[in-house]
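Visitor: I'm new to reading protein models. Could you walk me through this one?

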Amino acid sequence: MTLFEAAKAARENAYAPYSNFKVGAAVRTDAGEVFTGCNVENVAYPEGTCAEAGALAAMAVAGGRKVVEVLVIADSSDPIPPCGGCRQKLAEFASGDVPVTLADLHGPRTKTTVAALLPGAFTTHHLEDRDV
Ligand code: THU
């Protein structure tokens, strides 16, 4: 199964009764495993979670720690990029050169990278580089 097919299937299970905007995400690890997520909304709106967060959580549960490829899918004529918070979450497990593909329901549309999505990322370097 391709990353696109995996993310598309995950999107089908999105729980998005408030926005009616279903999103799917898939990540591939350095071990070649694929993990998927969908957005899961909540009546208390800020408690909802994004598809990317779900995919990363599924990966972490299985012991995965290194993402080598990402794909995000939504039913949008302008393929959606990860939100700001998800860019930071992806940067935790993916190096800057990791490709991020943005897809619509018909297929992959745009390709970018983690570094392009999150220039000037907050990293462990900033935690370490201080006087304590
Ligand atoms: N959403 C995602 O799942 N991923 C993104 O990168 C952008 C937004 C979800 C959150 C919410 O459930 C819906 O899309 C509308 O914002």
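Visitor: Let's start with Leu3: where is its place?

Guide: Keep in mind that this is a predicted model. Look close to the start of the numbering, and you'll find that the place of Leu3 is helix α1.

Visitor: And is Leu3 buried or exposed?

Guide: Buried means under 20% relative accessible area. Leu3 has 4% relative accessibility, so it counts as buried.

Visitor: Which residues does Leu3 touch, leaving out those up to four places away in sequence?

Guide: Some partners sit far along the chain, so let's take a distance too. Thr36 is 33 residues apart from Leu3, and their C-alpha atoms are separated by 8.9 Å. As for actual contacts, Leu3 touches Ala26, Val27, Arg28, Val34, Glu69, Val70 and Leu71.

Visitor: How many aromatic pairs does a search of the whole structure find?

Guide: Searching everything turns up one aromatic pair. Its members are Tyr18 and Tyr45, with 5.6 Å centre to centre and 45° between the planes, which makes the pair tilted. Tyr18 is in the loop between α1 and β1, while Tyr45 is in the loop between β2 and α2, 27 residues apart. So the count you asked for is one.

Visitor: Which tyrosine of that pair counts as exposed?

Guide: Exposed means over 50% relative accessible area. Tyr18 has 39%, so it is partly exposed. The one that counts as exposed, at 60%, is Tyr45.

Visitor: What covers the buried residues of α2?

Guide: The buried residues in α2 are Ala51, Glu52, Ala53, Ala55, Leu56 and Met59. Their cover includes β1, β2, β3 and α3.

Terms used
Residues numbered from 1 in each chain as written. Predicted model: local features only at pLDDT ≥ 70, side-chain atom pairs only at ≥ 80, totals over all residues. Heavy atoms only, no water. Phe/Tyr/Trp six-rings, centres within 6.5 Å; stacked < 30°, edge-to-face > 60°. Helix = DSSP H or I, 4+ residues; strand = E, 2+ residues; numbered from the N terminus. Buried < 20%, exposed > 50% of the residue type's maximum accessible area, 1.4 Å probe, protein only. Contact = heavy atoms within 4.5 Å.
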